[in-house]
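Visitor: I am new to reading protein structures, and I would like a close look at a single part. Could you pick one strand, stay with it for a while, and then show me what lies around it?

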Amino acid sequence: MKRSTPIRRLLLAAAVYHCAAGISVHSAALTQPPAKGGASPAPVYETQVRPILKAHCTHCHGEEPKLGGGVDLRLRHFMDGETKDGSRILHPGSPGDSELIRVIREGEMPKKGKKLTPEELATLESWVKSGALVSEKEPDSLPPGPYITDEDRKFWAYQAAVKQVPPRFENSPSLSPIDAFVRAKLEEHGLGFAQEARRAVLLRRLSLDLTGLPPSPEEISAFEADKDPAAYSKQVERLLASPAYGERWARHWLDVAGYSDTNGYADADSLRAHAWRYRDYVIRALNADKPWNRFIQEQLAGDELAGVSHGKVGDAVHDKSKFDALAATAFLRLAPDGTGDAVADANLARNQNIADTVRVVSTSLLGLTVACAQCHDHRYDPITQVDYFRLRAIFDPALDWRKWRTPAQRFVSLYTQADRDKAAEIEKQAVAIEAEAKSMDRKFLDELFEKKILEIPEGERDAYRAARATEKAKRSPEQEALIKKYPSALSLFGLNLYDPKADKLVQEKRAEATKLRATKPAEGMLTVTTEVSGDIPKSELHHRGDHDQLREAVTPGELAVLGGPEIQKPDPSLQTSGRRLAYAQWLTSGRHPLVARVLMNRVWMHHFGRGIVNSPADFGRLGELPSHLELLDYLAVRFVESGWSLKAMHREMVLSQTYRQSSINNASTAQDPENVWYGRFKIRRLDAETVRDSMLEVAGLLKKDMFGVPVTAARTTEGRIVAGVEVLNANGDVVKVDTSAPAVNRRSIYLQLRRKMPMTVLDTFDLPVMDPNCESRPISTVAPQALFLMNDDFVVQTGRALAERVRKELPGDARAQVRRAWILTQGRPPAAAEEDRFLVMLSEQTESLRDYSAKHPGPKDAPPSDPQRDAFGSLCQALLASNRFIHTE
Amino acid sequence: MNSNSSLCSRRHFLHSGGFGLGGLALASLLRDDRLLAAPVKPLLGAESFDVKPKIAPSPGRARAMISLFMMGGPSQMDLFDPKPMLAKYHGEKFPGEVIYDNVAQASSKVFGSPWTFKKSGQSGMELSELLPNLQQVADEITLIRSMRSGVSNHLQGMLAMQTGKGTVGRPTFGAWMAYALGSETQDLPAYVVLAHPSGLPTFQHQHWTNGWLPSTYQGTLVQAKAPYILNLDPPAAFLGKPQSRQMEFLKSLNGGHAAEHPGEHDLQARIASYELAGKMQVAAKEALDLSGEPEHVLKLYGIDNPLTADYGRRCLTARRLVERGVRYVQVLNNGQSWDHHGSIIKSLPERCAETDRPSAALILDLKQRGLLDSTVVHWGGEMGRLPVLQNDAGRDKWGRDHNTHGFSQWVAGGGFKGGLVFGETDEWGHKAVKDIVNHYDWHATVLHCFGFDHSKLGFIRNGGNLTLTDGQGARVVSELLA
C-alpha cells in the first residue's frame, strides 16, 4: 500500500485516541522527542503547562483588571519575579523552592474553582524540575486581559481547512476520494470495508436518509431488476429531486436553528402562530438546492441583502423577489422569547433571548460553545468575554435590548391594500348586522314589557315605566325599590328566558355577523428581523454577563482567534448598519475556518450516523478531535468549490462505497463497536419523525400535502399529546380530542411543535427540547418506548390501517395479504414457515378477540366489532414495532 | 461489567396479582425460563449492557437510594444552618463581599432568618421550626452544613449535584447506580423518577438522563396521576393472550433480525426493553397501588391531609419501590419551586409544609422495616441561598439569591452516621469554611457506601475511563459514616 499523507495530520490524528476529554496534548510529540533511557519527557510549556495555568490560574492572575497578589502568570517570563511577600514565584530546577508549586501543593490555590488534579500538579512539578523552559519565543509584554498565543491559534479548528489530496491505492486507483480517506484509516486499524449492502436494504437506507420515508415495494423491485450500471445513481437522483427530500433535510436544519411553534421562556409558552413561514422557507430552499452561502446570508441578514430597513419592510414583503430573504431572517427570532408574555424581569428576558440567539448562531455555524464567555473568559478555548460581546454587537442593531421589539412587534402583515379594503368593508357590514340584532332584541323586550306591565297595579305603572327608562346608575332608590318589587316585569335583558323563540331570531342575526367576518381574507404575518435605519446602539461588555453592570464599549467583530476582516458596511448605500451582512459574507467567504467544516460534519453525521467530529457543536478544545481530519477538510473545500451545493455533497457521500456498505462486518463490530472508522454502515434507530412518518406511509395513511399552518397539538384526557383539536367544555377543560381531520396524518414536520407540549409519539423517540436548539439528538432505548409500541393508540390504529390496506389491495387472499404486509414493513417476503406461522397466529388471535367481544358486547350504537381485522391489525402492529422496521441498516 | 444473577437474590420479591388474568398470563409468559436466562451473549465478546444485579467490588451497607431532590435551592439559613449574626445585624449592610447571581435585585442588607431553631434529638441538632417533623428524627440524619459546588446558576448547580460536573451531557447519579449495580428486580426499572403532579422540574429529562452511559440506564418517569406510566396497558380486548401472542411474534421477528447483526448492542437493548416493559405492566401497577397500605402508614406519610398527600404518596411509593428491589428513586418537585428570590416568608413555609412530614415519615418507615440501614435517603437541592436580602421591596417581597458556595443537605441511612452535624459555613452562612464537602466529595462518599471506589468505577469511552467524579480530586468523607 502506498499513499501520501501529510505527516503533521497523521501525527495529530494518531493522538486522537490517546486523549480523553480535557486538555489535549496532541502536538507534544512534534516539538520534543521522548527522552532517552525511557524516562518520561519533560512537559512542554506551550501544550501541557500553559493550558493548566490557563484553566486554573490566569483568570485571576493576569486576565482580570486587578492582578491577584500582583502575580501575572500569562507568560513564562512574567514568573521570574517575586510575589508581594517576596517569595520566588518560580525556581527553575527546584519545585520545592517555587511558590507557584507550594501554594498549589498546600491547597492555598486556586482560591476559587476546582483544585488541580494530582496529575496536573505533577506536570507542573516536572516542568519546573526540568528547568521551566519554553519552546517558543514569548512576547516581551502583553496588554491587559487574556492573551491568545500562537499555540492557541495552531489548534486544528482555528486553522483554515486545507485542500486535501486523497491517499492513492495502487490496487484500486478509481477509489473515490471519500473512500480513499476512509479506507486509509480502516487499514491503519487493521480493518476493511464491509460488502456492499443488498439492493433492497440499500434503497431503504437511502430513501429513509434522503426523504425520511421508506421506499414502496414497487420501487424496491424496480431497483432490484434494474441492470443499468447507473441504477443506484438514478435512485439517488430520483430521491434528491423528491419534494420529500426538503421535508426531511429541513428537519435537520430546524434542529440546529431551534425551530418551535411556541415562544418558550415564560410559563405561558405562548403560540408563535406564524413561525411556520420560516419552516416553509427552509423546505423550499433545500428542495431548490439554494446555495448555502446564500442560504446562510439570507438567514443572518436577508433584510440587508434586500436593502430593507424597518420602515420599509411593510411594503417589501409584497415584493416577490425579496420575500424569501425576509422570511429567512426569522432564523434570528427562533430562540425562546418571553418578552411578549408576563415575565418577572423584562430586561433579563430580552438579554436572555439575545444570548440564546448568539448561542444558536455560534453552535449552528461556528460549532463553538461561546456561551460561557458571556460571563467570563473561556477557560479552555481562546475566547474572551470581549470576543463574546463583539460577536453579540453584530446583532445589536437588530436586537437592541433597550429598544426592544416583542415577537408581535416583529410581525409584518401580509395584507395587500385590496385585502385591507375588503376586510374593512366586511367589518362595516358585520357591525351593521350586530346593531340590527341589538335593536331586534330591544324591540322584542319592549313588546314583552307592554304585556308584563299589565301585571302591575295600575297606580304604579307610570312610575315603573319611568324607572325602566332610566339608566341603572341614575335610578333613584325609590325606583330601584319599585323594580325590586316587580322584578320579572323589567324585561330589559335575558330575552332567552322570556321568549326563546324570539331570542333564537336575534341569535341567528348575530351569527350572520360572525359568519360574515369569517369571510375576511386571512391576515398572514411574517416575522422579519430588521434594523431601524440610523439606529445603532452602543454595545458594551456586560460584567459577569449582567446587563446592569455595563463596562467598556465594544465594536462588532468575529472571535479574535478566528481572524476575519473588520466588520464594515459592505455597501455605503445601505440604510442599515450592514454588520450582519458583512459577517454573513465573511462566514460564507470560503476562508472561514469553521463554517464549511461544521456544516459538512453535520451532513456527514446524518448520513453515516456519527460525525467526523463527534461533538458537532463543539469543535473547541473540550470537543472531540476529528477522527478523519483530512476527509473533513476535503469535504469542506469541496463544498465551497461546488458552489455551496448541498445536493452535490449528498451525492458524493451517498454514492461512496463507505455509504453503500452492508451493516454486517464482524471485524468492525468487534473492534470498533461505535464505528469510528466506518467499517460498516452502523445500524441505527430511526429518529422520532421518521418512525411516525414511516408507519403512516406503509399503512397508507400519510397525507402528503406540503407547507402551511401546522396541525395543532392536543392533550388527551389520558395525558397523551396527539395531533388533533381539543374539544373544550364550558369550564375550558378538554373533554375529548377530535382527531377526525385527515390532516392529523400529515408528515411530522407539519405538526405543531410546542416546547412544553411535545407530541407523545415524537417525544417517546427522543424529540429534542428546543432550549434554545439541538445540536445532535440522542438515541435512547427505554422501556417506555416498548410500552408505546405495544399499547399506544397511535400504533394500534396504524397497525389496523395497515391490515385494512392490504385487505383492500388483495381481497380474499390471506396469504397474499400477509406477504404484502411483510414486504411493506420488512423489505422482503416472509419465508414459507413464517407465512404459515403467521396464519396460524392470525386465526388464534381472531378466535381470542371473537371470544372477547362475545363476552363484552359494546354499546348498541357502536360499529360492529371486526375480530378478524383487529387480529390482523395486532400482528401488523408487531411488524411495525419490529426492530427491522424502526431501524435503518 | 460481569453479571452473575445466581449470586443476587431479590430483597423482597412480592408476587402479587389483582390485575386481571391478562396481566398475569403475560407475566408468566415473560417469566418463562428462556426469557429470564442470561441474554444471548454477543458472538463477538463485546460488552452488552443490562440491569441484572451486580456485586460491588467491596460491598457496602447501602443497597438502594432515595433522593428527595429539591430543585431551586432551599434556604439553609432558614432551615438547617442557624446564624445568630444574621438576626443581630438584620437590615444592616453586609460587611464582606457577596457572590450574587441575580445582580439586578441584589442588595447588601443582611437578612436575619424570620424563623427560630430548636435543638432536636439526643444530639441537639439545631433545626428550623419549619421542619417540626424532621426535628423528631434528628438522631437518624446526618446534616451536612458545608456543601459547595461553586458553579453558578440552577442548571449548572443541578448538573454538578446530579452528574458530578456542571456541564450538560453527563450521566446522572441514578444512571451510574443502575449501570454499576443493576436492579435487584427485573420487573421494575433500576432507576425510577417520581414526578410532581404539577409538572417536571425546569430542566426536565436532564434530571434523569443517562448522558453517555448506555440508554438502558436512563431513569423511568412515573407521573403522579394515572396513567402513571403512559401506555402501561393495551386496549382491554388485548389484555392477556392476544398481547402475549403479539409479543411472541414480535420477539421472533426481532430475534431473527438480531441474529443477522451479532454484537450490535442497540438491538439487544431494545429486545431487553420489551422484556422489561412486559414485566413492568404487572409489577409497576402493584408497586404504585397504595390501596393495600394500612391506615396508620398512610397517616404517617400525611396522605390523609391534602397538604401533604401528594408528597406523602410519592415518598411512600419510593419506599415500596426500594422494597421491591429498585436501585435508585428520585422524587422531584416541579419547576424550581425552592427558588425563593422573593416572597420567601410566604413561600418557604409552604414548601416545608408539603414535604417535611412525608420526608420524616420515610425515614421512620424505612427504619421500622429494617430497610434504613441499607437505603440512603438524601434530601437536598442544587444550591442554597445568600445571607442578604434580594428584592428589597417590602417584607412580603423579600427573598434570597442563589448560593453555591455554602449550603446544607441531609442524608440518612445506608451507613451514614445519625445525629451528626458536619461542616460549617462562615458566621454569615455564605461560604462553607470548615470540613467542606464539594459535590464530588459527596458523590465519592455515596459511591463508597455502595462499595465502589469513585476513581475506579468508570465507563470506557473514546479511549478514556470516564468517572462520576472525573479527576476533580474527590475524597470520601469518612467522618460522615458510622
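Guide: Here is a walk along one strand of chain B, followed by a visit to the rest of the chain and then to chain A.

Please keep in mind that this is a predicted model. For the complex, the predictor gives an ipTM of 0.77 and a pTM of 0.72.

Our strand is β1 of chain B, residues 64–69. Is this strand buried or exposed? Six of its six residues are buried, so β1(B) is largely enclosed by the rest of the structure. Now look at the directions of the side chains. In a regular strand the side chains alternate between the two faces of the sheet. In β1(B), the residues B:A64, B:I66 and B:L68 point one way. B:M65, B:S67 and B:F69 point the other way, and all of these residues are buried.

Which strands pair with β1(B)? One partner is β9(B), residues 375–380, which pairs with β1(B) in the parallel sense over six bridges. To find this pairing on screen, start from B:A64, which stands opposite B:T375 in β9(B). Another partner is β8(B), residues 328–331, which runs parallel to β1(B) and is joined to it by four bridges. Here you can start from B:M65, whose bridge partner in β8(B) is B:Y328.

Now step back to chain B as a whole. Chain B has 13 helices and 19 strands, and 60% of its 482 residues count as buried. Among the contacts in chain B with a separation of 6 or more, 78% join residues 24 or more positions apart. The pairing of B:A64 with B:T375 gives you a concrete picture of two positions that stand opposite each other in neighbouring strands.

How confident is the predictor about this chain? The average pLDDT of chain B is 84, and 87% of the residues score at least 70. Over residues 1–47 of chain B, though, the pLDDT is below 50; this stretch has 68 contacts in the model beyond near neighbours in sequence. Where pLDDT is low, the predicted coordinates should not be read in detail.

Next, let us cross over to chain A. The contact between the chains takes 55 residues from chain A and 52 residues from chain B. On the side of chain A that touches chain B, the elements giving two or more residues are α29 (666–671), β5 (684–685), α32 (783–791), α35, α36 and α37. The largest share, eight residues, comes from α32(A). By class, this side of chain A has 23 nonpolar, 19 polar and 13 charged residues.

Three of those elements meet us again at helix α34(A), residues 814–826. This helix has 13 residues and reaches 18 Å from its first C-alpha to its last, close to the 18 Å expected at 1.5 Å a residue. Its buried residues are A:Q817, A:V818, A:R819, A:A821, A:W822, A:I823, A:L824 and A:T825. They pack against several helices of chain A, including α35 (832–855), α36 (867–881) and α37 (883–886). Just after α34(A), A:G827 takes a positive phi of about 75 degrees.

Chain A also lets you compare another kind of strand pairing with the parallel one that you saw at β1(B). Strands β8(A), residues 725–728, and β9(A), residues 734–738, pair in the antiparallel sense over four bridges. A:L728 stands opposite A:V734 in β9(A). The two strands form a hairpin with five residues between them, and A:G732 in the turn has a positive phi of about 85 degrees.

A positive phi also turns up in residues of chain A other than glycine. One is A:Y678, with phi near 60 degrees, in the loop between α29 and β5 of chain A. Another is A:F707, with phi of about 70 degrees, in the loop between α30 and β6 of chain A. Why does A:Y678 count as buried? A:Y678 has 31 C-beta neighbours inside 10 Å, and a residue needs 20 or more to be called buried. A:F707 has 15 such neighbours, so A:F707 counts as partly exposed.

One last stop is a backbone detail. The peptide bond from A:M109 to A:P110 is cis, with omega near -10 degrees, and A:P110 is found in the loop between α5 and α6 of chain A.

Key. Residues numbered from 1 in each chain as written. Chains lettered and ligands numbered in written order. Predicted model: local features only at pLDDT ≥ 70, side-chain atom pairs only at ≥ 80, totals over all residues. Expected span 1.5 Å × (residues − 1). Buried ≥ 20, exposed ≤ 12 C-beta atoms within 10 Å, placed from the backbone. Contact = placed C-beta atoms within 7 Å. Nonpolar A, V, L, I, M, F, W, Y, C, P; charged D, E, K, R; others polar. Pairing = 2+ DSSP bridges. pLDDT = per-residue confidence, 0-100.
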